[in-house]
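Q: I am new to this structure, and I would like a close look at a single part of it. Please choose one spot and walk me through its surroundings step by step.

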Amino acid sequence: MPSTNKTAHLGLNQWIGTDKPRKDDFNADNAAIDQAIRTHVQDATAHVTSQERQAWNQVGYKLYTYAGDNSESRTITLDFAPTFGLLFPVGKPIGGYESGPMQNYQRTGFFSPKGCSVGLSLAEKALTVKNLVEGVPTGFTNRYNETGVTYVIAAFK
């Protein structure tokens, strides 16, 4: 005989001293527990907010490219405010030395809200790149915007 009392949520048997449990009662309780667990496990929204799910499904970085135009400074607007990023040229050395003008130069740099390589600056979603930067030691230049050079920006969330 089923129990006199039932649990509030799943309706499982709660016997009192005068009840006479039967095997069918236990089997029914086990089936109810199994179904409740199955329903819970298949519920994709039970423990995760939509914001968490969206963040998990997003790629953690984005790549951008731009063609250098030889302007002294330019700003590239990114789709989000990155926590870290790097900039490098396509098919060119990341830096080098030219003996004619006796200059060391770099085409690769790093950026973050905490600080950037010389010639790069980041303000929220705005990455500013500069050629010839004042304040660098004599004989050094940045080439973050050379004509004829394509640059890649890898920005990480």
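**Gly85 and its strand**

A: Let's begin with the neighbours of Gly85: leaving aside residues up to four places away in sequence, Gly85 touches Gly109, Phe110, Phe111, Ala154, Ala155 and Phe156. Please keep in mind that this is a predicted model.

Is Gly85 buried or exposed? Gly85 counts as buried because its relative accessibility is 0%, and the cut-off for buried is under 20%.

Now for the strand around this residue. Gly85 belongs to strand 5, which covers residues 84-89. In a regular strand, side chains alternate between the two faces of the sheet. Here, the covered face of strand 5 holds Gly85, Leu87 and Pro89, while Phe84, Leu86 and Phe88 make up the uncovered face.

Which strands pair with strand 5? One partner is strand 13 (residues 150-156), which runs antiparallel to strand 5 and is joined to it by 6 bridges. Within this pairing, Leu87 stands opposite Ile153. Ile153 also has a link to our starting point: its C-alpha atom is separated from that of Gly85 by 7.0 Å, although their positions lie 68 residues apart along the chain.

The other partner is strand 8, also antiparallel to strand 5, with 3 bridges joining the two. Gly85 has Phe111 as its bridge partner in strand 8, and Leu87 has Gly109 there. Phe111 and Gly109 are both among the residues that Gly85 touches.

Stepping back, we can place these strands in their sheet. It is an open sheet of 5 strands in the order 3-13-5-8-9, with antiparallel pairing. Its edge strands are strand 3 (61-67) and strand 9 (115-116), each of which pairs on one side only. In general, the strands of a sheet pair through backbone hydrogen bonds.

Let's finish with a residue in the neighbouring strand. Ser112 lies in strand 8, which spans residues 109-112. Ser112 counts as buried because its relative accessibility is 13%. Among the residues Ser112 touches, not counting those up to four places away in sequence, is Phe84, a residue on the uncovered face of strand 5. Thr83 and Leu122 are also touched by Ser112. A polar atom of the Ser112 side chain lies 3.1 Å from the backbone nitrogen of Lys114.

Methods:
Residues numbered from 1 in each chain as written. Predicted model: local features only at pLDDT ≥ 70, side-chain atom pairs only at ≥ 80, totals over all residues. Heavy atoms only, no water. Helix = DSSP H or I, 4+ residues; strand = E, 2+ residues; numbered from the N terminus. Buried < 20%, exposed > 50% of the residue type's maximum accessible area, 1.4 Å probe, protein only. Polar contact = N/O pair within 3.5 Å; in protein donor to acceptor, adjacent residues only side chain to side chain. Contact = heavy atoms within 4.5 Å. Pairing = 2+ DSSP bridges.
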